[in-house]
Amino acid sequence: MRPEFGPYSLLGPVARHRCKRAGMVASLAVIVAAGVISPAAAAARSVTDRVQAELPSPGGKCKPGHHKPDHHAPRAIEAGGKDKCKGPTGPTGPKGPKGPKGPKGDHGVTGATGPTGPTGATGATGADGADGIDGIDGATGATGADGVDGVDGATGATGATGATGATGATGATGATGATGADGIDGVDGATGATGATGTNGVDGATGPTGATGATGATGPCSDIDASQDSNAFELRVALTGGVTYAGIHDLRGVTPRPFLWTDLSTHPNYPAGGLDPDGRDVGFVCGAAVNGHSANAGNPIKFDVMTTTGQVWETTCVAVGVTNPASLNCNDANGLPNPWTKVTLQPLVGAINGGS
């Protein structure tokens with residue numbers, strides 16, 4: 001019997017050897033993983049243990065091959081009975097020192113990825129589930145700010161012009177009709193006799209007289225008149241070029257004084273053509289006169305004119321003796337020029353204390 005084996009096992013020698021070897025490998029793997037000994041030391045120890053297990057102990061009575069396996073040994077022997085071939089147990093040798101930790105092995109090369117397996121068949125579509133209850137509508141969110149207008153896109157290229165359609169065929173020209181034959185020229189007729197001279201017609205009636213033309217421009221009327229009813233001044237009225245002037249000459253003092261003139265044609269209603277309020281032709285001024293009879297009392301002095309149509313118009317001024325020299329005031333109380341007025345009843349042919 002081999003010294004390393006304790007109680008007999010019910011397994012055969014081959015099975016017992018395999019079990020022992022498997023246990024030994026598993027123990028070594030645990031020891032290596034725990035870092036107790038290096039892989040090299042573990043391998044050497046495994047070999048040593050195997051040699052010791054195979055060789056007989058020195059001085060033993062058993063030789064290799066001395067015993068045959070006995071699968072039917074009594075149970076007492078297997079439980080710890082004495083065996084004639086078992087030699088004495090040798091002393092336990094000292095524990096060897098802990099070997100150094102071996103270097104970490106390199107990572108092995110990653111194996112190639114295996115091919116993708118075929119796609120499995122699509123499973124049958126499950127039945128539609130029951131519709132869930134509609135959720136409560138959420139509150140409407142605030143309206144977002146308007147986004148910035150995007151940049152206008154570039155104008156697309158103009159499409160190619162389509163091909164011109166084919167020209168239709170020209171219709172056939174109709175046949176030209178035959179030209180008719182020229183007719184024969186007729187014979188010239190004889191010249192007729194000259195007719196008798198007709199009688200003169202009756203003269204037509206005289207047409208109506210045309211309308212009277214517009215009154216022509218004022219003729220070269222010129223006139224002058226004078227009056228003196230005071231020792232302080234004398235009066236004049238002069239007409240020339242259609243304009244009537246009133247004049248005053250201061251006689252006071254030894255030194256001669258100048259004549260002072262006032263244009264009366266600038267006053268309202270001065271007769272210078274057109275129609276009067278009665279619809280009659282006014283004509284143009286062609287004569288003038290002055291009446292200074294009331295000058296001494298400070299009453300108005302009257303200036304009169306006669307027009308080319310026989311009308312008489314009048315305006316007034318007041319002599320101002322307090323000025324030096326004396327002057328004429330031909331304005332009203334409001335400082336406005338005294339207007340011309342057509343005198344009531346105009347001269348009329350054949351009138352006796354009357355007029356038109």
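Leucine 235 is in contact with Asp225, Ala226, Ser227, Gly247, Ile248, Val290, Gly292, Ile301 and Leu328, leaving aside its neighbours within four places in sequence. The model is predicted. Leucine 235 also belongs to the largest nonpolar core, which holds 23 residues. Within that core, Leu235, Ile248, Leu264, Ile301, Phe303 and Leu328 touch the most other members. Strands S2 (233-240), S3 (243-250), S5, S6 (301-307) and S7 each give two or more residues to this core. The largest share comes from S2, with 4 residues. Three of the core residues just named, Ile248, Ile301 and Leu328, are also among the contacts of leucine 235.

The search of the whole structure finds 2 disulfides. One joins cysteine 221 to cysteine 286, with an S to S distance of 1.7 Å. The link of cysteine 221 and cysteine 286 is left-handed, with -70 degrees about the S-S bond. Cysteine 221 lies in the loop between helix H3 (75-78) and strand S1 (222-227), and cysteine 286 lies in strand S5, so the pair ties together parts that are 65 residues apart in sequence. The two partners fall into separate accessibility classes. Cysteine 221 counts as buried, at 12% relative accessibility; the cut-off for that class is under 20%. Cysteine 286 is partly exposed, with a relative accessible area of 31%. Strand S5, which holds cysteine 286, is also one of the elements that give two or more residues to the core.

The other disulfide is formed by cysteine 317 and cysteine 330, their sulfur atoms 1.9 Å apart. The torsion about this S-S bond is about 105 degrees, so the disulfide of cysteine 317 and cysteine 330 is right-handed. Cysteine 317 lies in strand S7 and cysteine 330 in the loop between S8 and S9, so the pair ties together parts that are 13 residues apart in sequence. Both cysteine 317 and cysteine 330 are buried.

Asparagine 338 lies in the loop between strand S8 (327-329) and strand S9 (341-342). Cysteine 330 is found in that loop as well. Asparagine 338 counts as buried, because its relative accessibility is 14%. Not counting residues up to four places away in sequence, asparagine 338 touches His267, Pro268, Thr315, Thr316, Cys330, Asn331 and Asp332. The contacts of asparagine 338 thus include one of the disulfide cysteines, Cys330.

Several backbone features stand out for inspection. A cis peptide bond joins asparagine 324 and proline 325, with omega about 5 degrees. Proline 325 is found in the loop between strand S7 (312-320) and S8.

Positive phi values also occur outside glycine. Asparagine 269 is not a glycine, yet its phi is positive, at about 70 degrees. Asparagine 269 is found in the loop between strand S4 (259-263) and strand S5 (285-291). With a relative accessible area of 51%, asparagine 269 is exposed. Leucine 345, likewise a residue other than glycine, has a positive phi near 65 degrees. Leucine 345 lies in the segment after S9. The relative accessible area of leucine 345 is 46%, so this residue is partly exposed.

Note on methods. Residues numbered from 1 in each chain as written. Predicted model: local features only at pLDDT ≥ 70, side-chain atom pairs only at ≥ 80, totals over all residues. Heavy atoms only, no water. Buried < 20%, exposed > 50% of the residue type's maximum accessible area, 1.4 Å probe, protein only. Contact = heavy atoms within 4.5 Å. Disulfide = S-S within 2.5 Å. Core = buried A, V, L, I, M, F, W, Y, C linked by side-chain atoms within 4.5 Å.
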